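Me: I have a sequence and a structure to go through. Please take my questions in order and keep the answers short.

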Amino acid sequence: MSGAGSSHSGDDFGPRFQEHILAVIARVPAFALRYRTVIHPDYFVSKDHRLLSRVLLDHVDEFNSLPTEATLVEEVRPRASKGDMDALECLVGKLYTDDIGDADAVMSKVIEFGQTQAMVNAVISGAERLEKGDRDIRPLIDDALLVGQDLLDLGHDYSNDLESRLSWYLNPE
């Protein structure tokens, strides 16, 4: 079994689509912010994709802006081994030349991607915990189920229009 925290399923969302998600993150303003809860580096299958997503998301978190191609390469450099740097530079170049005209379609699929990958990772991590005798796996599943849910949606605002509702409760006719 692979280690916990790494993605284990690329069947539904293959490496090319995952690379395409990275291109959209790198070039569409506000995408990373809007979909931050469904984009996590551990959801990417390739170690290079995981590294690039981590660097991209860290940059967006810190600066609230997208990195340029040159900046992304420089931010990747200290986190990559020297042997991997040529392939990573090539991959960064692809992110900035990939046709992202279908960004809206990617946005509609990225929620499903995040939900699927979070659940796969939770199941694998849960199995690893069970093998070690730890039966406390419910939090892993609960956290995975929250991926993609609008955490800011608190439901109905019962304090809104209180007078009208009180009148309705007190006068049922």
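The questions and answers below go from confidence to the core and then to single residues.

Reply: This is a predicted model, in which local features need pLDDT of at least 70 and side-chain atom pairs count only at pLDDT 80 or more, while totals for chains, interfaces and linings use all residues. Residues are numbered from 1 along each chain as its sequence is written, and side-chain values use heavy atoms, with hydrogens and water left out.

Me: Which helix has the lowest mean pLDDT, and which element the highest?
Reply: pLDDT is the predictor's confidence in each residue, from 0 to 100. The protein averages 82, and 79% of the residues score at least 70. Elements here are DSSP runs numbered from the N terminus: helices (H or I, at least four residues) and strands (E, at least two). The lowest mean, 58, belongs to α8 (residues 162-170), and the highest, 97, to α4.

Me: Over which residues does pLDDT stay under 50?
Reply: Where pLDDT is low, the predicted coordinates should not be read in detail. The model does have 31 contacts (heavy atoms within 4.5 Å) beyond four places in sequence for the stretch in question. That stretch is residues 1-10.

Me: Which element gives the largest share of the largest nonpolar core?
Reply: A nonpolar core is a set of buried Ala, Val, Leu, Ile, Met, Phe, Trp, Tyr and Cys residues joined through side-chain atoms within 4.5 Å. The largest one has 42 residues, and F31 and V110 are among those with the most contacts inside it. Elements giving two or more residues to this core include α1 (15-27), α3 (47-63) and α6 (103-131). The largest share, 7 residues, comes from α6.

Me: Which residues does F31 touch beyond four places in sequence?
Reply: F31 is one of the residues with the most contacts inside the core. Leaving out residues up to four places away, its partners are V24, I25, I39, V106, M107 and V110.

Me: What arc do the buried residues of α4 cover?
Reply: Buried means under 20% relative accessible area, exposed over 50%, partly exposed in between (1.4 Å probe, protein chains only). In α4, L72, V73 and V76 are buried. Their cover includes α3 and α5. They lie on the same side of α4 because their arc, taken from the directions from the helix axis to the C-beta atoms, is only 100 degrees.

Me: Is E19 buried or exposed?
Reply: E19 sits in helix α1. Beyond four places in sequence, E19 contacts H49, L91, K94 and L95. Its relative accessibility is 11%, so E19 counts as buried.
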